[in-house]
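Reader: I am in my first year and would like to take a close look at a single part of this protein. Could you walk me through the sheet and what is attached to it, step by step?

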Amino acid sequence: MVRIPRPRKAALAAAASALAAGVLVSCGADSPGEGVTSGPHAGDAACKQLADRYPDRLGGQELTFTDRPGVAVWGENTIVLRCGVELPVPTLDPCATVEGVDWVFREDRSKNGGKVVVTYGRDPAVEAVVSDDVAAVDDVLVDLSALVEPVKTYTKCINLDDVQPPSPSG
């Protein structure tokens, strides 16, 4: 029998626990909702009302996760919605109005195979990350706009095309 000194036993036990936790984390990393955090204002009454209306299917994906306030996931993180994110500030990022809802396309955050859009001019703000695996992103935005439309509007997007150039001084 090999005797292991008490301090070494504790270190081995800690290492074994860490390894087991790492295996559990890595196994769950691909599960729907893993790593998705609630927005800071997810407890807002409007977010709770949205949660009652999440569609069962979105972009051809089934609703698979709603265990955190303000968070919904369709598919294997194919579409992730977070209600109650920080309100976007005025930006030069592209904005589109879909079924009466303004969405800002966050090009700087649209990486790793997904597009990030955030409602503009609605409080609370809603963010959606749509995987490149979704062929009909426009259809997803139409459905999300129907979901988000009841959220209070306080301002609208203004695109560069909407801004009149200054008149020349004469």
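Which residue in β8 is the bridge partner of G114?

Author: In this predicted model, the bridge partner of G114 is S131 in β8. That pair belongs to the contact between β7 and β8, two strands that run antiparallel and are joined by five bridges. Between these two strands lies a hairpin connection of five residues, in which G121 takes a positive phi near 80°.

On its other side, β8 is joined to β4 by six bridges, and these two strands also run antiparallel; here V85 has A125 in β8 as its bridge partner. The strand β8 is mostly covered, since six of its seven residues are buried.

From here we can step back to the whole sheet. It is an open sheet of eight strands, and reading across it gives the order β1-β2-β3-β4-β8-β7-β6-β5, with antiparallel pairing. The edges are formed by β1, residues 57-58, and β5, each of which pairs on one side only. Helix α3, residues 137-148, packs on this sheet and touches β1, β4, β5, β6, β7 and β8, while its direction makes about 130° with that of β6. At the β1 edge, two bridges pair β1 with strand β2, residues 61-65, in the antiparallel sense, and L58 stands opposite Q61 in β2.

At the other edge, a useful residue to follow is V98, which lies in strand β5, residues 95-98. The relative accessible area of V98 is 15%, and because buried means under 20%, V98 counts as buried. Leaving aside residues up to four places away in sequence, V98 touches W103, L141, V142 and S145. The C-alpha atoms of V98 and D139 are separated by 9.9 Å, although the two residues are 41 places apart along the chain. When you look at such a strand, it helps to remember that in a regular strand the side chains alternate between the two faces of the sheet.

The sheet also takes part in covalent links. A disulfide is a covalent bond between the sulfur atoms of two cysteines, and a search of the whole structure finds two of them. One disulfide joins C47 to C83, with an S to S distance of 2.1 Å. This pair links distant parts of the chain, for C47 sits in helix α2, residues 45-51, and C83 in strand β4, 36 residues apart. The torsion about the S-S bond of C47 and C83 is about -80°, so this disulfide is left-handed. C47 counts as buried because its relative accessibility is 1%, and C83 counts as buried because its relative accessibility is 0%.

The other disulfide joins C95 to C157, with an S to S distance of 1.8 Å. C95 lies in strand β5 and C157 in the segment after α3, so the pair ties together parts that are 62 residues apart in sequence. With 85° about the S-S bond, the link of C95 and C157 is right-handed, and both of these cysteines are buried. If the bonded cysteines are counted along the chain, the disulfides of the protein follow the pattern 1-2, 3-4.

Definitions and conventions
Residues numbered from 1 in each chain as written. Predicted model: local features only at pLDDT ≥ 70, side-chain atom pairs only at ≥ 80, totals over all residues. Heavy atoms only, no water. Helix = DSSP H or I, 4+ residues; strand = E, 2+ residues; numbered from the N terminus. Buried < 20%, exposed > 50% of the residue type's maximum accessible area, 1.4 Å probe, protein only. Contact = heavy atoms within 4.5 Å. Pairing = 2+ DSSP bridges. Axes fitted to C-alpha atoms, helices over the stretch in contact; angles between N-to-C directions. Disulfide = S-S within 2.5 Å.
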